[in-house]
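Colleague: I have a few terms I would like to understand before I use this model at the bench. Could you take me through them, one by one?

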Amino acid sequence: MSLREALASGKFVITAEVAPGKGTEVEHLLEDAAVIKERVDAVNVTDLQSSVMRLGSMAFSHLLTEIGVDPVFQVTCRDRNCLALQSDLLSAWALGIKNVLALTGDHPVLGDHPKARPVFELDSVSLLDVIGKLNSGVDMVGNELKGTPDFLAGAVVNPGADNEAAMDLQIMKMESKIEAGAKFFQTQGVYDLDAFEKFMKRIEGLDTKVLVGIILLKSVGMARFMNKNVSGVFVPEPFVQEIKAAEDKAQASKDIAVRLIKGMKDLCDGVHIMALGWESKIPAILDEVGI
Amino acid sequence: MIIVERKSLEALEEMTKDCGRLLVLGCETCSAMCLAGGRRQVAELASAIRMERKMSQNQDEVIEDAIARQCESEFIDHVKDRVAGCDAVLSLACGAGVQTMAHTFPDVLILPAVDTKFIGSEAERGVWKEMCMACGDCVLGRTAGICPVTRCAKGLLNGACGGASEGKCEVGKERPCAWQEIYHALKRLNMLHYLKEKPQVKNWPVHPGKVVREDLREGEATTGD
């Protein structure tokens with residue numbers, strides 16, 4: 001079943017995420033994807049995440065189609081102007097890629113080429129608008145296409161915005177994204193059930209699908225790093241202590257993920273699991289949740 | 001105004017050491033307001049260069065002056081005789097001033113004494129902030145007078161990116177998120193609905209820019225470019 005069919009079916013949708021590395025080595029990532037292939041509806045491929053130069057999202061998304069995985073091609077507006085973005089979208093379609101996640105992208109200052117020139121000519125909202133135009137058979141200036149894609153477009157939202165202004169801005173932008181054509185949302189990693197419930201209540205009535213983001217906690221250091229550096233992600237102290245006290249960190253991480261998914265699965269339409277190399281642990285987590 | 005910052009004295013001494021008779025020329029508008037290139041800074045710089053020349057037995061004279069704006073020929077005319085008597089001019093004007101001088105005096109070496117930083121204003125004593133990128137397509141009317149093109153690190157037009165933390169930009173903790181500032185300003189004006197417009201895409205101008213006002217050009221020959 002493709003991601004589009006899964007979303008339309010009303011089932012609880014499961015997606016995961018892989019991140020190409022720096023270099024041409026792709027075998028181990030393909031193995032990671034193969035392990036979860038039968039258990040997920042789609043696999044996102046990140047686009048130079050954290051502004052670190054890596055192998056590209058389009059190439060790896062295409063490689064996923066070859067092993068029978070439905071990829072979600074993540075596209076940021078950081079590195080390409082509107083010509084390159086539109087061209088890459090057409091190229092992706094020609095390579096068998098049917099889902100796009102439209103993102104603004106991190107600033108290059110955060111990555112390993114901090115002096116790189118940022119582009120951001122489009123942003124997540126205008127990119128979704130452009131995807132809609134391509135889907136309708138024209139480019140963003142209205143020129144007709146010969147051969148038209150039919151992308152399923154999605155976007156992200158951060159339920160953990162840390163003040164009222166940030167939250168209002170997130171929700172207004174979410175509405176703009178839906179108007180611009182986003183059919184599904186994958187959220188930033190969530191660890192706070194109450195905050196997520198409140199968020200879902202606030203967006204009640206919006207015509208879209210929400211897949212809650214779960215980031216597997218791999219260590220205490222990772223939790224502390226995210227709390228300090230990743231906007232909108234907050235790992236509560238009890239989770240940090242649970243990982244700290246556990247002899248088997250991987251088991252503790254799985255237990256936390258299971259509890260989070262169980263707690264949120266009735267609030268939303270699916271889950272997006274960011275395993276960060278621990279893809280092999282995803283099937284056991286899903287078994288335990290019973291999905 | 002145009003915000004400038006003077007280059008280091010060492011760099012300027014190196015730049016001017018072999019250039020002969022030198023005019024240090026201030027610019028009394030923006031550069032003066034930045035306390036970088038007005039008459040007082042000209043006097044300080046000229047005497048420092050004279051001192052350096054004296055110590056290195058360089059006999060070439062260093063003279064000084066300042067005009068209202070080096071970017072306007074009307075004011076440049078006031079110093080044309082002094083410039084003509086020099087081998088080089090060390091200009092404390094912005095890039096536009098230096099280039100207008102170089103265009104006016106093609107036989108004289110015009111050297112920049114300042115780095116042109118941005119269009120901005122003084123935020124507090126000794127602190128200047130960038131406010132405008134001269135993008136040529138002003139959006140301030142729907143962003144409550146706060147420019148997202150300049151003050152959002154990504155120049156986003158359709159709202160916040162979500163990377164801010166505690167109201168600060170992901171690029172640096174000392175930078176406020178411009179979109180949160182816009183949000184508060186629009187809310188105060190009861191104009192938050194401005195954030196719900198159709199997706200905006202910026203029209204980027206081709207550089208170098210040129211503005212032509214035909215109504216002012218009656219009887220003038222059109223420029224070549």
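Modeller: Gladly, starting with Leu35(B), which counts as partly exposed with 15 C-beta neighbours inside 10 Å. This is a predicted model, where local features need pLDDT of at least 70 and side-chain atom pairs count only at pLDDT 80 or more, while totals for chains, interfaces and linings use all residues. Residues are numbered from 1 along each chain as its sequence is written, and chains are lettered from A and ligands numbered from 1 in the order in which they are written.

Colleague: Why is Leu35(B) called partly exposed?

Modeller: A residue is buried if 20 or more other C-beta atoms, placed from the backbone, lie within 10 Å of its own, exposed if 12 or fewer, and partly exposed in between. Leu35(B) has 15 such neighbours, so it is partly exposed. Leu35(B) also has a positive phi of about 55° although it is not a glycine, and lies in the loop between helix 2 (30–33) and helix 3 (39–55) of chain B. Helices (H or I, at least four residues) and strands (E, at least two) are DSSP runs, numbered from the N terminus.

Colleague: And what makes Ser51(A) buried or exposed?

Modeller: Ser51(A) has 21 other C-beta atoms within 10 Å, so the verdict is buried. Its phi is positive too, about 60°, although Ser51(A) is not a glycine. You will find Ser51(A) in the loop between strand 2 (42–45) and helix 3 (57–66) of chain A.

Colleague: How do you know that strand 1 and strand 6 of chain B pair?

Modeller: Two strands pair if DSSP finds at least two bridges between them. Strand 1 and strand 6 (residues 114–124) of chain B have five bridges, in the antiparallel sense. Within strand 6 of chain B, Asp115(B) is the bridge partner of Glu5(B).

Colleague: What makes strand 1 and strand 7 of chain B edge strands?

Modeller: The open sheet in chain B has three strands in the order 1-6-7, with antiparallel pairing. Strand 1 (2–6) and strand 7 (127–132) of chain B each pair on one side only, and are the edge strands.

Colleague: Which residues count as being in contact between the two chains, and how many are there?

Modeller: Residues are in contact if their C-beta atoms, placed from the backbone, lie within 7 Å. By that rule, 27 residues of chain B touch 27 residues of chain A.

Colleague: What makes the peptide bond before Pro208(B) noteworthy to you?

Modeller: The bond from His207(B) to Pro208(B) is cis, with omega near -5°. Pro208(B) is found in the segment after helix 8 (178–188) of chain B.
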